[in-house]
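Biologist: I'm new to this structure and would love a close look at a single part of it. Could you pick one helix, walk me round it slowly, and then show me a contrasting strand?

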Amino acid sequence: MSEVQNPAIVYISPTELVVHPKLIEIYGENEERPALEKSISEKGILESLKVSARTGVNVVLAGKCRLQIARKLLISSVKVEFVESNSPEEDLKLVLDFNLHREGGKTHYQKFHEGQYWESVLRPQAKERQRESARRLNQSKCSNLNHSINESQSQLKKGKPVIREVSENLNISVGSYHKGKKVFELISQLREMEKFKAVVALEMEFNRSIDAAYKFVCNQDICYQVIDLLEADEIGSIDDGIAWMRNGERNPFRRFQLDQVYQFKKRLRPELEIVGRVIGITNEFVVFGLRNLVNMSLEIVNLRPRQIDAELQDEPSASQRKRIFHLMQKFSDVFPVQVSLTELLKLPNLTDKEEVLLRMYESDVFEKTWEDYKTQMKAMEVSTNRKKDNIRAA
């Protein structure tokens with residue numbers, strides 16, 4: 001396998017290119033690369049995309065971000081360099097080779113994804129070296145046993161240990177690689193178990209610190225309980241979970257749950273309503289949403305558990321909240337509606353005016369108005385695209 005000697009650089013429409021699935025698996029479908037986008041918008045794509053046409057389809061092996069930015073900026077053609085490959089395995093090796101020193105930085109999770117591949121390649125090579133050393137030892141006609149042993153050891157030292165070579169490829173220490181592998185394996189297991197909230201939280205912790213994530217994973221008494229809390233939406237991060245669990249039954253946060261409504265024994269401030277809804281629980285605070293009775297707006301108040309002198313109340317807006325959730329699903333593509341409904345969920349109860357707003361969203365008139373608006377916007381988009389095509393054609 002090798003790259004084409006003196007390959008011709010050609011220009012191809014972004015619509016004729018597809019991204020190798022391994023690039024998406026490792027680096028994600030969409031990456032934020034503002035510096036690269038700025039450079040491309042000002043200077044164009046300076047480095048060609050590496051592409052394999054082995055299957056008859058132009059598969060991008062390096063340059064995923066450049067291609068995505070080109071599509072975003074409506075660039076009509078991109079610079080491509082075709083490389084030779086004779087099998088899917090060779091495609092995969094080129095993907096990893098080309099992206100080994102990828103610009104823009106890699107997260108720890110992305111590095112260990114690559115490490116998994118490098119181990120699969122290097123371990124068979126290491127075993128082959130060991131077999132070759134054993135074969136040479138057996139063929140040796142030297143009668144001195146110690147000399148034979150020394151020769152064998154010398155042969156084994158000719159290749160680097162797999163873990164060392166992989167860690168050097170990833171630019172991390174051997175010790176960090178050993179620790180990170182344990183974290184990466186748990187993330188992979190959680191993904192297979194479809195515990196995606198825990199996957200996101202653990203991946204964030206892993207990218208922040210390999211050591212911290214490793215210590216968390218090794219502490220199984222805490223680890224799996226925190227995973228359960230993450231999946232139950234009771235906490236939002238590994239840090240919150242560790243703080244929660246270490247307090248044990250003495251944890252003052254335990255009695256609070258999201259969306260509960262509490263009535264305080266006295267007003268927190270004269271202008272605030274006496275009831276509030278729990279809209280968040282952090283490592284330090286219980287976050288309440290209360291209504292300001294002067295301007296009827298939502299106010300957010302952070303309280304430590306020991307500051308909360310209040311009693312749990314029955315849900316005062318159960319039927320309205322059910323309607324709100326239904327509307328949020330119905331108008332999931334209407335951002336202003338989503339914002340207003342999300343804010344309503346933070347209030348302990350709704351006013352008559354807010355009830356009127358709900359009924360308006362539920363009405364056929366609003367739905368028809370929104371459908372008409374979407375139709376108009378689609379027509380405008382088609383018209384704009386036609387104008388752009390005419391300009392490019394000219």
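Modeller: With pleasure! Let's start on the outer side of helix H13, where Ser-319, Lys-322, His-326 and Gln-329 are exposed. Please keep in mind throughout that this is a predicted model. The helix covers residues 318–330, 13 in number. From its first C-alpha to its last, H13 reaches 19 Å, close to the 18 Å expected at 1.5 Å a residue.

Now turn to the other side. Gln-320, Arg-321, Ile-324, Leu-327 and Met-328 of H13 are buried. Looking down the axis of H13, you would find these buried residues within an arc of 120 degrees, so they line one face of the helix. A general point helps here: an α-helix has 3.6 residues a turn, so residues three or four places apart point the same way. And what does the buried face of H13 pack against? Its buried residues meet strand E7 (275–281), helix H14 (335–346) and helix H15 (352–362). Charged groups are worth a glance too: Arg-323, Glu-355, Arg-359 and Glu-362 are linked in a network of salt bridges.

For the contrasting strand, let's visit E5, residues 78–82, which is mostly covered, with four of its five residues buried. Strand E1 (residues 9–12) runs antiparallel to E5 and is joined to it by four bridges; there, Val-10 has Val-80 as its bridge partner. Strand E3 (residues 49–52) runs parallel to E5, with three bridges between them, and Val-51 stands opposite Phe-82.

Side chains connect E5 and E3 as well. Glu-81 forms a salt bridge with Lys-50, and their closest N and O atoms are 3.9 Å apart. This pair links distant parts of the chain, since Glu-81 in E5 and Lys-50 in E3 are 31 residues apart. Both partners are tucked away: Glu-81 is buried at a relative accessible area of 11%, and Lys-50 counts as buried at 11% too.

Just beyond lies another pair, Arg-54 and Asp-91, whose side chains meet in a salt bridge at 2.9 Å, N to O. Arg-54 sits in the loop between E3 and strand E4 (58–62) and Asp-91 in helix H4 (residues 88–98), so the pair ties together parts that are 37 residues apart in sequence. Here Arg-54 is partly exposed, at 33% relative accessibility, whereas Asp-91 is buried at 5%. In the whole structure, a search finds 20 salt bridges.

Note on methods:
Residues are numbered from 1 along each chain as its sequence is written. This is a predicted model: local features need pLDDT of at least 70, side-chain atom pairs count only at pLDDT 80 or more; totals for chains, interfaces and linings use all residues. Side-chain values use heavy atoms; hydrogens and water are left out. Helices (H or I, at least four residues) and strands (E, at least two) are DSSP runs, numbered from the N terminus. The expected span of a helix is 1.5 Å times one less than its number of residues. Buried means under 20% relative accessible area, exposed over 50%, partly exposed in between (1.4 Å probe, protein chains only). The arc is that of the directions from the helix axis to the C-beta atoms. Contact means heavy atoms within 4.5 Å. Two strands pair if DSSP finds at least two bridges between them. A salt bridge is a side-chain nitrogen of Lys or Arg within 4 Å of a carboxyl oxygen of Asp or Glu.
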